[in-house]
Amino acid sequence: MKVIKEIRWNVMLKGILYIILGIIALALPETMEKTIGYLLGVVLIIAGGISIISYLLRDVRENYYRDDFVFGLVEIVIGIIVLLKVEIIISLIPILFGILVIISGCTKLQDAVDMKRMNYAGWIAMLILALINIVLGLVLIFNPFAAVELMFRVIGIGLIFSGITDCAAALYFARRMRRYDTEAVESSYEEVTEEEKE
């Protein structure tokens with residue numbers, strides 16, 4: 001249960017960061033154009049810090065086969081590079097945000113596959129959300145927008161969508177896993193009771 005909470009908060013905090021960044025891009029596209037490099041660098045550093053803290057707070061045996069520490073370091077390093085090379089990064093903004101949105105979509109795609117394998121209802125809805133996420137990411141990468149303002153508004157929509165669906169997926173999985181744990185405990189209790197009767 002502790003692991004579930006850590007994973008949920010890790011995903012939700014990143015989702016909230018996406019939403020905040022998306023709202024700024026949607027509401028203040030001109031300001032976003034000027035400050036986007038610095039914002040992106042700060043967001044990557046914070047997201048990396050969240051991943052590393054989650055890794056360090058988790059029991060060492062539960063970190064096996066988990067790459068949160070490595071991903072956190074990579075995010076922090078990339079964030080620092082972004083802050084140091086803002087001018088170059090600004091020209092790559094649509095591609096960078098497109099990659100972030102696609103990663104969010106691929107994460108939800110894995111969630112949909114996991115839900116299908118565990119026979120959870122709602123996996124089709126999760127699959128649709130994942131595909132929308134991935135399509136939005138591809139649109140940002142290929143950047144078909146003539147106006148910079150329009151581009152940043154679409155980036156904002158993509159980030160807000162990714163953030164909201166990330167938070168919703170984290171809450172859904174936490175609730176399902178809690179129910180699964182409860183059912184497992186009840187099943188074990190019933191088995192023990194039946195054995196005692198025999």
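Which residue forms a salt bridge with Glu 75? Lys 14 does, and the closest N and O atoms of the pair are 3.7 Å apart. (A salt bridge means a side-chain nitrogen of Lys or Arg within 4 Å of a carboxyl oxygen of Asp or Glu.) The whole structure holds two salt bridges. Because Glu 75 lies in α3 and Lys 14 in α1, this one ties together parts that are 61 residues apart in sequence.

This is a predicted model, where local features need pLDDT of at least 70, side-chain atom pairs count only at pLDDT 80 or more, and totals for chains, interfaces and linings use all residues. Residues are numbered from 1 along each chain, and side-chain values use heavy atoms, leaving out hydrogens and water.

Here are the helices (DSSP runs of H or I, at least four residues):

| Helix | Residues |
|---|---|
| α1 | 2-27 |
| α3 | 68-84 |
| α5 | 93-117 |
| α6 | 123-142 |

Now look at α5 and α6: their axes (lines fitted to C-alpha atoms over the stretch in contact, with angles from 0 to 180 degrees between N-to-C directions) come within 7 Å and cross at roughly 165°. That makes α5 roughly antiparallel to α6 (angles over 145 degrees count as such). Their contact has 19 nonpolar, five polar and three charged residues, where Ala, Val, Leu, Ile, Met, Phe, Trp, Tyr, Cys and Pro count as nonpolar, Asp, Glu, Lys and Arg as charged, and the others as polar.

How values were computed
Helices (H or I, at least four residues) and strands (E, at least two) are DSSP runs, numbered from the N terminus. Angles under 35 degrees count as roughly parallel, over 145 as roughly antiparallel, 65 to 115 as roughly perpendicular and the rest as oblique.
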